[in-house]
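Work through these exercises with the model open beside you. Try each task before you read its solution.

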Amino acid sequence: MDKILVNIYIPIITMSYDMLVPPVSPMYEVLGLIKKAVAEMSDGQFISDVNNIICFRDSGKIIDINLLVFETGIHNGSRLMLI
């Protein structure tokens with residue numbers, strides 16, 4: 001299975017990370033994995049919350065977590081933001 005390379009910016013800690021995400025997974029699962037990975041990579045600077053959302057960094061459009069990753073329009077090189 002191919003993965004999609006995305007860049008995720010986290011404004012609260014002013015950091016960004018490149019991550020590989022599976023295109024056929026539900027976005028809510030991927031969001032959970034992203035939050036966990038960012039918390040670990042930031043040495044605890046980022047604390048996940050049930051209210052965290054993910055959106056496209058360029059447009060600010062919030063991503064529907066009930067869709068599969070490929071259904072959201074996310075593709076290789078997408079720039080996302082975790083708020």
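**Exercise 1: a charged pair**

Which residue forms a salt bridge with Arg79, and how far apart are the closest N and O atoms?

Solution. Keep in mind that this is a predicted model.
- Step 1. Recall the principle: side chains of opposite charge can pair when their charged atoms come close.
- Step 2. Apply the cut-off: the side-chain nitrogen must be within 4 Å of a carboxyl oxygen.
- Step 3. Read the distance. Asp58 is the partner of Arg79, and their closest N and O atoms are 3.1 Å apart.
- Step 4. Place both residues. Asp58 sits in the loop between strand 3 (54–56) and strand 4 (78–82), while Arg79 belongs to strand 4. The two are 21 residues apart, so the pair links distant parts of the chain.- Step 5. Check exposure. Asp58 has 62% relative accessibility and counts as exposed. Arg79, at 38%, counts as partly exposed.
- Step 6. Search the whole structure: it holds 1 salt bridge.

**Exercise 2: the layout of the chain**

Find how many helices and strands the chain has, and give their order.

Solution.
- Step 1. Count the elements: 1 helix and 4 strands.
- Step 2. Read them from the N terminus: β-β-α-β-β.
- Step 3. Test the overall packing. The radius of gyration is 12 Å, close to the 12 Å that the globule rule gives for 83 residues, so the chain is as compact as a globular protein of that length.
- Step 4. Add the extent. The C-alpha trace spans about 30 × 25 × 25 Å along its principal axes.
- Step 5. Look at burial and contacts. Of the 83 residues, 41% count as buried. Take the contacts with a separation of 6 or more: 54% of them come from residues 24 or more positions apart.

**Exercise 3: two buried residues**

Are Val6 and Leu80 buried or exposed? Name some of their contacts.

Solution.
- Step 1. Use the cut-off: buried means under 20% relative accessible area.
- Step 2. Compare the values with it. Val6 is at 2% relative accessibility, so Val6 counts as buried. Leu80 is at 1%, so Leu80 counts as buried too.
- Step 3. Locate them. Val6 is in strand 1, and Leu80 is in strand 4.
- Step 4. List neighbours, leaving out residues up to four places away in sequence. Val6 touches Leu80, and its other contacts include Tyr17, Met19 and Ile74. Leu80 touches Val6, and its other contacts include Ile8, Phe56 and Ile63.
- Step 5. Set sequence against space. Val6 and Ile74 are 68 residues apart along the chain, yet their C-alpha atoms are separated by 8.0 Å. Leu80 and Ser59 are 21 residues apart in sequence and 9.6 Å apart in space, C-alpha to C-alpha.

**Exercise 4: positive phi**

Where in the chain do Thr14 and Asp43 lie, and what is phi for each?

Solution.
- Step 1. Start from the rule: most residues other than glycine have a negative phi.
- Step 2. Read the angles. Thr14 has a positive phi, near 50°. Asp43 has a positive phi, near 55°.
- Step 3. Find the loops. Thr14 lies between strand 1 (4–10) and strand 2 (15–21). Asp43 lies between helix 1 (27–41) and strand 3.
- Step 4. Check the surface. Thr14 is exposed, with a relative accessible area of 58%. Asp43 is exposed as well, at 73%.

**Exercise 5: charge and surface**

How many positive and negative side chains does the chain have?

Solution.
- Step 1. Count them: 6 are positive and 9 are negative.
- Step 2. Find the centre of each set. The two centres lie 3 Å apart.
- Step 3. Finish with the surface. The accessible surface comes to about 5000 Å², and 56% of it belongs to carbon and sulfur atoms.

Terms used
Residues numbered from 1 in each chain as written. Predicted model: local features only at pLDDT ≥ 70, side-chain atom pairs only at ≥ 80, totals over all residues. Heavy atoms only, no water. Rg over C-alpha atoms; globule rule 2.2 N^0.38 Å. Buried < 20%, exposed > 50% of the residue type's maximum accessible area, 1.4 Å probe, protein only. Contact = heavy atoms within 4.5 Å. Areas by Shrake-Rupley, 256 points an atom, 1.4 Å probe, with all protein chains shown as cover. Lys, Arg positive; Asp, Glu negative; His and termini not counted. Charge placed at Lys NZ, Arg CZ, Asp CG, Glu CD.
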